[in-house]
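Reader: Before I use this model at the bench, I would like to know what its labels rest on. Please take them one at a time.

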Amino acid sequence: MACMVAFVMSSPLSAFFCRNRVTEASQAALSSVVPVFAVVSLHVLADTLSFQRKKTELYQELGLQARDLRFQHITSITGRNNCIIMRMESLKAVVTPQDLLILDFRGLGLERWLLWELAPQLVGDGTLATSSLPFEFRVIEAILQHRVNNLQTRLNEVQPLILDTLESLVDPKLLSADRSLLHVLLQNSKSLSELETDIKVFKECLLKILDEDELIEELCVTKWTDPQVFEESSLGIDHAEEMELLLENYYMQAEALGNKTRELKGLIDDCESVIFINLDSHRNVMMRLNLQLTMGTFSLSLFGLIGVAFGMNLESSLEEDPRVFWLVTGLMFLGSGLIWRRLLSFLGRHLVPSSPPTISPVWKRGQVNTLRGAEPRSGVK
């Protein structure tokens with residue numbers, strides 16, 4: 001019996017079952033690994049806590065579903081079960097009527113903003129216009145203001161570089177475009193396109209909420225959890241209207257940033273057109289010079305046939321007179337010059353316009369000054 005057991009355990013079938021048990025055990029171990037969030041909690045009374053919490057424990061405490069904390073979208077604002085789930089690029093937050101939870105904040109450069117700017121704003125010490133409104137209003141305004149400020153900072157960084165590069169490229173003193181400047185313009189144009197895309201996504205996120213009254217109502221979480229606030233809303237203080245005005249204000253700021261980016265892209269397109277026009281002009285000059293040299297060569301070759309005729313060693317009475325050499329040579333040069341001038345006049349009549357058209361400047365100086373002197377707007381007016 002012992003031999004039979006040893007034989008069975010050493011067979012390939014037993015090895016297959018053993019491998020299956022090991023695989024199932026490893027899968028069970030992997031499935032038991034639950035993501036852990038590093039959380040900063042900012043309470044309505046300015047209490048700040050930092051802790052770690054498993055994803056399952058967190059969404060169970062908040063009454064959410066597991067899919068609500070996946071943060072699939074780069075920019076989103078969603079209402080779920082009296083909570084507001086916000087994602088602004090790297091910032092992931094969950095807003096409740098009493099707390100703000102910032103998830104996975106480490107390594108994102110948010111520590112200074114959390115401690116020195118956001119916390120004072122939530123207790124009413126900042127410049128928020130919604131300081132008299134419920135807690136979620138202050139949180140949404142602070143996060144949206146932080147996002148708009150980041151977009152404005154990126155625009156302020158790339159805008160002077162683009163304007164300086166454009167002014168250098170369209171300088172009339174330069175005969176050709178500097179390739180190094182073109183490379184710099186290409187990099188800045190790429191950064192500008194990325195910024196324009198981020199602004200567009202931010203605007204679409206806000207516009208999606210503004211188009212649906214139900215979504216705006218879902219963001220007023222205190223209205224549905226505090227009976228006193230609900231009673232005030234019934235008496236005429238419409239929190240949904242205040243939320244709509246708040247979102248519209250930041251939508252207009254994002255729209256202004258988008259207009260500036262479009263103006264810069266328009267200037268880049270105009271600069272490219274000017275560069276192409278200059279290249280075409282230089283090409284036309286070279287082609288004209290080549291055509292003039294060709295006409296000169298043709299004229300010399302045509303009247304050079306006289307010299308060829310005298311150089312054929314044919315005897316005549318003309319070669320005996322020494323003045324004939326100078327006469328024939330002068331006739332050759334005179335005839336070549338006359339033919340060349342006639343060809344040039346023909347070229348001038350058919351290729352040169354009578355009067356050059358007026359060309360408008362690439363951009364107005366006032367427009368550039370407006371772009372340079374623009375200052376970011378922050379907060380709700």
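**Labels and their grounds**

Author: Residues 324-340 are 100% helix and 0% strand, and their end C-alpha atoms lie 24 Å apart. The model is a predicted one.

Reader: How do you know which residues are annotated "transmembrane region"?

Author: That comes from the UniProt record, an unreviewed entry, which puts the annotation on residues 293-312 and 324-340. Such annotations may be inferred rather than shown by experiment.

Reader: What makes L144 a residue that touches L247?

Author: Contact means heavy atoms within 4.5 Å, therefore L144 and L247 must have such atoms within that distance. L144 also touches I77, M88, F202, L206 and Y250, leaving aside residues up to four places away in sequence.

Reader: Why is I77 called a member of the largest nonpolar core?

Author: A core joins buried residues of certain nonpolar types, and buried means under 20% relative accessible area. I77 belongs to this core of 62 residues, so I77 is under that cut-off. I77, L100, I143, L144, M243 and L247 touch the most other members. Helix α5 (residues 135-169) gives the largest share, 15 residues. Apart from this core lies another, of 13 residues, with V39, L64, L69 and L103 among them.

Reader: What makes H73 a lining residue of the second largest pocket?

Author: Lining residues have an atom within 4 Å of a pocket point. H73 is among the 21 residues that line this pocket, so H73 has such an atom. The pocket has a volume of about 530 Å³. Its lining divides into seven nonpolar, six polar and eight charged residues, and β3 supplies the largest share, six residues.

Key:
Residues numbered from 1 in each chain as written. Predicted model: local features only at pLDDT ≥ 70, side-chain atom pairs only at ≥ 80, totals over all residues. Heavy atoms only, no water. 1 Å grid on protein atoms, 1.4 Å probe; cavity = no way out; pocket = protein on both sides within 12 Å on 5 of 7 lines; lining within 4 Å. Points joined across faces, edges and corners; volume = space filled by probe spheres on them. Helix = DSSP H or I, 4+ residues; strand = E, 2+ residues; numbered from the N terminus. Nonpolar A, V, L, I, M, F, W, Y, C, P; charged D, E, K, R; others polar. Core = buried A, V, L, I, M, F, W, Y, C linked by side-chain atoms within 4.5 Å. Buried < 20%, exposed > 50% of the residue type's maximum accessible area, 1.4 Å probe, protein only.
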